[in-house]
Amino acid sequence: MNRLRYHLLAFALTRTVLNTMYRMVYPYILVFGRGLGVGLPQLSLVLTARSAVGAFGPFLASTADSRGRKTVMLGGLLLFSAGGLFMAAWPSYPIFFLTLILTMLGKVIFDPAMQAYLGDRIPYGRRGLVLALTEFGWSLSFIVGVPLMGVVITRLGWRAPFPLLAGLGLLAAFGLLRLLPGDINTFDTSPGMWRNLQGVLISVPAISGLGIGFLVSAANETINLVFGAWMESSFGLKITALGATSLVIGLSELGGEGLTAALTDRLGKPRAVGLGLITNSLAALALPLLGQTLVGALAALFLFYITFEFTLVSSIPLMSEVMPSTRATLMSLNASGLSLGRALGALLGSRLYLWDIWGCSLAAVLLNLLALVALARLVRVMEKAEVRG
């Protein structure tokens, strides 16, 4: 158990690095655009492509069911670091495009393998708490990582975060190489990647669960893409102030992860996800209503992100038990669904923002309601199979 605590700490810190690279684009999207000489439409295209490419993660991450969790995690970190080093060496719009794709692949390869590693070792009844602890790496990226990158950009220029994060990725890879136990080679007894994928894709509960992640992720991305531009255009916020905005969002997500750790196992995973979807829809409606002032906008963003984080993190332990025999494959497909949802949300967000934040907020509500339908389907199937959580 003591060793597992160190593993959890290492995972949380590693995911802080991965998520800082992923998330810093949003509040500083116009900063990067000015540095690259491109506008929001071109940047939204990059973010859409990054999310769509994340859909290829399962074809690599699912090999953790046969090649080993540790091996796949290390491979994801090396890919992530390569992407950051490319941008450091050749800063340009095409390389920015490539960097975001490679770092996204590294993230969607690492995360499912890590979740499968913990799913192998933690009973389902406690898995909500443990997986929520690793998700602190998501909120810490906005509390610590993104504001720090704002300071780095201000002092060293808009390109400076990329080599810094690439180096931290390599350091994380070395640390996990030394810390984690070696993989057991199960390749000879595993059904293989394609059979595992086929098994997941013909499973009704698996498809229902994947639909939840896809829809809630799309709902979140419609706001994610535009909140930096919205805050800058509405209230004239600059780089350091946008970093402070990210701190507010990070604190809200930290609260969402804390709520997951405290409540999800007690409420039951499906009930927690349903509660999160409903409250996130209400928070989405609060964005244009409260966003007439800076304080109101920050309060609405806090509510939106805390409810989203509670929903998403509660769904992870739920998904981890839908198909235990192919856990890494399902979790990687879940990551893929989240990426495709972000791709849809990025496409919607840039277009709906033409109608200001109202268009994005109403789209988020509709997508959440569809996710509730998928959850109801999953619950019915799980109850028939007598899966409780």
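**Close-up views of an all-helix chain**

**View 1. Ala346, a buried spot in helix H15.** With a relative accessibility of 0%, Ala346 counts as buried, because anything under 20% falls in that class. Keep in mind that this is a predicted model. Ala346 sits in helix H15, which covers residues 327-352. Skip the neighbours within four places in sequence, and Ala346 is in contact with Thr48, Glu221 and Leu225. Here's a fun one: how far apart are Ala346 and Val46, in sequence and in space? They're 300 residues apart in sequence, yet their C-alpha atoms are 9.6 Å apart in space.

**View 2. The whole chain, for orientation.** Let's step back for a moment. What is the chain built from, helices or strands? It has 16 helices and zero strands. The chain runs to 389 residues, and 60% of them count as buried. Now look at the contacts between residues with a separation of 6 or more: 86% of these come from residues 24 or more positions apart. As for the outside, the accessible surface adds up to about 15,000 Å², and carbon and sulfur atoms own 69% of that.

**View 3. Helix H5, end to end.** Helix H5 takes in residues 69-89, 21 residues in total. From first C-alpha to last, helix H5 reaches 31 Å, which is close to the 30 Å you'd expect at 1.5 Å a residue. Which residues of H5 are buried? The list is Arg69, Lys70, Val72, Met73, Leu74, Gly76, Leu77, Phe80, Ser81, Gly83, Gly84 and Met87. While you look at the helix, a handy bit of background: an α-helix has 3.6 residues a turn, so residues three or four places apart point the same way.

**View 4. Ser81, zoomed in on helix H5.** Ser81 lies in helix H5. Its relative accessible area is 1%, so Ser81 is buried. What sits around Ser81, once neighbours within four places in sequence are set aside? Ser81 is in contact with Ala166, Gly169 and Leu170. Ala166 deserves a second look: its backbone oxygen lies 3.0 Å from a polar atom of the Ser81 side chain.

**View 5. Asp111 and Arg15, a salt bridge between two helices.** The chain has five salt bridges by count, and one of them joins Asp111 to Arg15. The closest N and O atoms of this pair are 3.0 Å apart. The two partners come from distant parts of the chain: Asp111 belongs to helix H6 (residues 93-121) and Arg15 to helix H1 (residues 2-23), 96 residues apart. Are these two buried or exposed? Both Asp111 and Arg15 are buried. They also have company, as Arg15, Lys107, Asp111 and Glu135 are linked in a network of salt bridges.

**View 6. Glu253 and Arg23, another link to helix H1.** Glu253 and Arg23 form a salt bridge, with their closest N and O atoms 2.4 Å apart. This pair ties together distant parts of the chain, Glu253 in helix H12 and Arg23 in helix H1, 230 residues apart. Why does Glu253 count as buried? Its relative accessibility is 1%, and buried means under 20%. Arg23 has a relative accessible area of 2%, so Arg23 is buried as well.

**View 7. Asp265 and Lys269, side chain to side chain.** The side chains of Asp265 and Lys269 meet in a salt bridge, 2.8 Å from N to O. Lys269 counts as buried because its relative accessibility is 0%.

**View 8. A nonpolar patch on the surface.** Which residues make this patch of about 700 Å²? They're Leu247, Leu251, Leu289, Leu290, Phe302, Leu303, Trp358 and Leu362. Four helices each chip in at least two residues: H12 (239-267), H13 (269-290), H14 (294-320) and H16 (356-384). Take Leu362, found in helix H16. Leu362 has a relative accessibility of 48%, so it counts as partly exposed.

**View 9. Asp356, also in helix H16.** Asp356 lies in helix H16. With a relative accessible area of 40%, Asp356 is partly exposed, because that class covers values between 20% and 50%. Where does Val226 come in? Asp356 and Val226 are 130 residues apart in sequence, and 9.4 Å apart in space, C-alpha to C-alpha.

How values were computed
Residues are numbered from 1 along each chain as its sequence is written. This is a predicted model: local features need pLDDT of at least 70, side-chain atom pairs count only at pLDDT 80 or more; totals for chains, interfaces and linings use all residues. Side-chain values use heavy atoms; hydrogens and water are left out. Patches are made of residues with over 30% relative accessible area and no salt bridge: like charges are joined within 9 Å, nonpolar side chains (Val, Leu, Ile, Met, Phe, Trp, Tyr) within 5 Å. Accessible areas come from the Shrake-Rupley method with a 1.4 Å probe; for residues, only the protein chains shown count as cover. A salt bridge is a side-chain nitrogen of Lys or Arg within 4 Å of a carboxyl oxygen of Asp or Glu. Buried means under 20% relative accessible area, exposed over 50%, partly exposed in between (1.4 Å probe, protein chains only). The expected span of a helix is 1.5 Å times one less than its number of residues. A polar contact is a pair of N or O atoms within 3.5 Å; within protein, one must be able to donate a hydrogen and the other to accept it, and residues adjacent in sequence count only if both atoms are side-chain atoms. Contact means heavy atoms within 4.5 Å.
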